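Work through the exercises below with the sequence and the 3D structure at hand. Each task is followed by a solution in steps.

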Amino acid sequence: MFDLFADETLYRLLHIWFGVVWIGTLYYFNFMQTPFMAEAAATAKPEILTKLLPRAMWWFRWAAKATFISGLALFWYKYADSMRGGDFMGTGGGMLITLGMLLGFTMYMNVWCIIWPAQKVVIKNAKDVAEGKPANPEAANKAARAAAASRTNTLFSIPMLFFMVWAAHRPSGHDSTSALFWPLFGLAILVYAFFQFQAIRGKLLGILKTVKSTIVSGLVLWAFFYVIVEVLKVRV
Ligand code: HEM
C-alpha cells in the first residue's frame, strides 16, 4: 500500500513533471513566441513583454529549479551506492547520467545566470517605455544575449533528454571496458564546451538562427553523442 512513497517513484514523477513544464516553456519561447515577436505589429509587443513574458518566465525559471532539485534527489537515490563503492563511470549508466546531468545543469545555470537576468532588463525596459519613461539602450543587447542562451538550451535539450531516459531505460548489454572511454568522453565534453562557450559569450551561432536549424542541429548533436555511447557500449 502507498508504494508511491516507498522508493524514488515520487521524485521521478515530480522530476518529469517539472521537466515537462520547464522544457515545454523553453519550446514555447523558441518555437512560438520568438518567431511571433519577429513579425508582430509594434503595438502588440508591449502587452506581450509586460504581461505575458513575466508570467511565462515565472513558470520557466521555477520549473527549472524544481527539475534540478528533484533530479539531484533522484540521483542520490539511484547512484549514491555506486558513487561510494563501485565503478561509477564504467558501469550502471554512470557516464550516461553524468552527461545528461552536465547538459541539464548547464541549461539550469543558463536560465538563472544568463536568461533571467537579461529578461529582467527587457521586461523593466518595456514597462518603463509603456509608462513614458526613457528606454534603456542596453535592452536590445540583453534580449540578444538571452536568445543565444535560450537557443543553446534548445539545442542541448534533445541529447539531454536522451541521456536522462537512456540512463534509466537502456537495453541490457555489457559495461564499458573500452580503452577509448576517456578519449571519447573527453571529445563529448569538448563539443559540449564549444557550444556552451558561445552561449556565455552571447554569440548566436548561424546553425541556431532558425527554429528548423536549431532542431536539426539538436538531432545531429544527439546522433553524435549516441554514436559515442554505442561505441563505448555503456550498458548493463
Ligand atoms: C537540471 C538538471 C537535471 C538533473 C540533475 C537530472 C537528474 C536525473 C537523474 C539522476 C535521473 C535518473 C536516471 C536514472 O534513472 O538512471 C533522471 C531521469 C530523468 N530525467 Fe532528469 N535531470 C535533470 C534535468 C531534466 C530535464 C530538464 C528533463 C526534461 C523533461 C529531465 C527528464 C528526465 C526523465 C524523463 C528521466 C527518466 C525518468 C525515468 O524514467 O526513470 N531531466 N534525471
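**Exercise 1.** Classify Met164 by its relative accessibility, and do likewise for His15.

Solution. The model is predicted. Step 1: the relative accessibility of Met164 is 22%. Step 2: buried means under 20% and exposed means over 50%, with partly exposed in between. Step 3: Met164 is therefore partly exposed, because 22% falls between these cut-offs. Step 4: His15 has a relative accessible area of 15%, so His15 is buried under the 20% cut-off.

**Exercise 2.** Which residues coordinate the iron atom of the ligand, and where in the chain do they lie?

Solution. Step 1: the coordinating atoms from the protein are NE2 of His15 and SD of Met164, at 1.9 to 2.3 Å from the iron atom. Step 2: His15 belongs to helix α1, residues 9–39. Step 3: Met164 belongs to helix α4, residues 139–169. Step 4: the two residues are 149 residues apart, and the pair links distant parts of the chain.

**Exercise 3.** What is the geometry of the iron site?

Solution. Step 1: the iron atom has six donor atoms. Step 2: the angles among these donors run from 82 to 180°. Step 3: for six octahedral donors the ideal angles are 90 or 180 degrees. Step 4: the site of the iron atom is classed as octahedral.

**Exercise 4.** Describe the surroundings of the ligand, from the pocket down to polar contacts.

Solution. Step 1: the largest pocket holds the ligand. Step 2: there are 24 residues around the ligand, and those that come nearest are Arg12, His15, Tyr79, Met164 and His169. Step 3: helices α1, α2 (45–84), α3 (94–130) and α4 each contribute at least two residues to the shell. Step 4: list the polar contacts.

- Tyr79: a side-chain N or O atom is 2.3 Å from an oxygen atom of the ligand.
- His169: a polar side-chain atom is 2.5 Å from an oxygen atom of the ligand.
- His15: a polar side-chain atom is 2.7 Å from a nitrogen atom of the ligand.

**Exercise 5.** Is Val21 buried or exposed, and how many Å separate its C-alpha atom from that of Arg61?

Solution. Step 1: Val21 is in helix α1. Step 2: its relative accessible area is 19%, so Val21 counts as buried under the 20% cut-off. Step 3: Val21 and Arg61 are 40 residues apart along the chain, and their C-alpha atoms are separated by 9.9 Å.

**Exercise 6.** How many helices and strands does the protein chain have, and what percentage of its residues is buried?

Solution. Step 1: the chain has six helices and zero strands. Step 2: the pattern along the sequence is α-α-α-α-α-α. Step 3: of the 236 residues in the chain, 43% are buried.

Methods
Residues numbered from 1 in each chain as written. Predicted model: local features only at pLDDT ≥ 70, side-chain atom pairs only at ≥ 80, totals over all residues. Heavy atoms only, no water. Donors = N, O, S within 2.8 Å, 3.2 Å for Na, K, Ca; no water. Tetrahedral: all angles 85-135°; square planar, octahedral: opposite > 155°, others 65-115°. Helix = DSSP H or I, 4+ residues; strand = E, 2+ residues; numbered from the N terminus. Buried < 20%, exposed > 50% of the residue type's maximum accessible area, 1.4 Å probe, protein only. Near = heavy atom within 4 Å. Polar contact = N/O pair within 3.5 Å; in protein donor to acceptor, adjacent residues only side chain to side chain. 1 Å grid on protein atoms, 1.4 Å probe; cavity = no way out; pocket = protein on both sides within 12 Å on 5 of 7 lines; lining within 4 Å. Sits in = over half its atoms within 2 Å of the grid points.
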